[in-house]
Amino acid sequence: IPAIRRANKFIKKLEEEGKLQNAAAELTSSAAKHYMKGKVVLTPNYVFCKKRGYVFSYDEIAWAYRHTNTTTFLFIPVNTIDSIYLATRTMKPTQVASMGKDKFGEIKNLLVDIYNHNNNCLLGYTDETKAKYKALKSR
């Protein structure tokens with residue numbers, strides 16, 4: 001239910017900006033690229049995160065990175081999940097999609113596509129990118 005509320009919030013925002021019809025057309029067009037089993041869709045102007053209900057324009061994305069979470073039992077890795085996190089200047093880093101291990105190539109392509117649409121976006125999770133993002137948020 002939180003994803004539905006989030007999606008409604010983004011739909012309302014697009015509607016107020018007069019961009020809802022364009023965004024819907026892009027989502028259903030053949031130019032849309034589907035990643036992570038369709039959980040994330042990249043269109044010419046937007047990133048749609050279907051399962052979580054987020055819609056971002058490329059211009060508002062300030063930081064994108066991959067996060068790997070490994071669950072262990074008695075120090076033995078049991079489960080590994082790769083996730084994509086996106087952040088804007090007004091929204092902290094938020095998980096927008098996740099899937100099982102061994103998806104590094106697909107995740108790398110997703111991040112590169114986002115960067116190709118927005119060269120000002122920070123990529124990767126390092127101390128340097130964390131500091132740059134913190135500086136961006138404080139402006």
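## Exercises on a four-stranded sheet

Strand 2 and strand 3 are paired antiparallel through 3 bridges. The model is a predicted one, and the exercises below start from this pair.

**Exercise 1.** Determine how strand 2 and strand 3 are connected, and which residue of strand 3 stands opposite valine 40.

*Solution.* Step one concerns the connection: a hairpin of 3 residues leads from strand 2 to strand 3. Step two concerns the register: the residue facing valine 40 is cysteine 49 in strand 3.

**Exercise 2.** Extend the pairing to the whole sheet and identify its edge strands.

*Solution.* Begin with strand 1, which is antiparallel to strand 2 (residues 40-42) and joined to it by 3 bridges. Within this pair, lysine 33 is located opposite leucine 42 of strand 2. Next take strand 3 and strand 4, an antiparallel pair with 4 bridges. Here tyrosine 46 has serine 57 in strand 4 as its bridge partner. The hairpin of strand 3 and strand 4 has 4 residues between the strands, and glycine 53 in it adopts a positive phi near 85°. Assembled, the 4 strands form an open sheet in the order 1-2-3-4, with antiparallel pairing. Strand 1 (33-35) and strand 4 (54-57) are the edge strands, since each pairs on one side only. On average, neighbouring strands of this sheet are turned by 15° against each other, with direction ignored.

**Exercise 3.** State which strands helix 3 lies across, and give its angle to strand 1.

*Solution.* Helix 3 comprises residues 104-117 and lies across strand 1, strand 2 and strand 3. Relative to strand 1, helix 3 runs at about 140°.

**Exercise 4.** Assign the side chains of strand 3 to their two directions, and explain why valine 47 counts as buried.

*Solution.* First, recall the general pattern: side chains in a regular strand alternate between the two faces of the sheet. In strand 3, Tyr46 and Phe48 point one way, while Val47 and Cys49 point the other way. These four residues are all buried. Second, apply the cut-off to valine 47, which belongs to strand 3 (residues 46-49). Buried means under 20% relative accessible area; valine 47 has 1% relative accessibility and therefore counts as buried.

**Exercise 5.** List the contacts of valine 47 beyond its neighbours within four places in sequence.

*Solution.* With those neighbours set aside, valine 47 contacts Val40, Val41, Leu42, Tyr54, Val55, Phe56, Tyr58, Ile61, Leu86 and Ile114. One of these partners, isoleucine 61, is 14 residues from valine 47 in sequence, with a C-alpha to C-alpha separation of 9.4 Å.

Definitions and conventions: Residues numbered from 1 in each chain as written. Predicted model: local features only at pLDDT ≥ 70, side-chain atom pairs only at ≥ 80, totals over all residues. Heavy atoms only, no water. Buried < 20%, exposed > 50% of the residue type's maximum accessible area, 1.4 Å probe, protein only. Contact = heavy atoms within 4.5 Å. Pairing = 2+ DSSP bridges. Axes fitted to C-alpha atoms, helices over the stretch in contact; angles between N-to-C directions.
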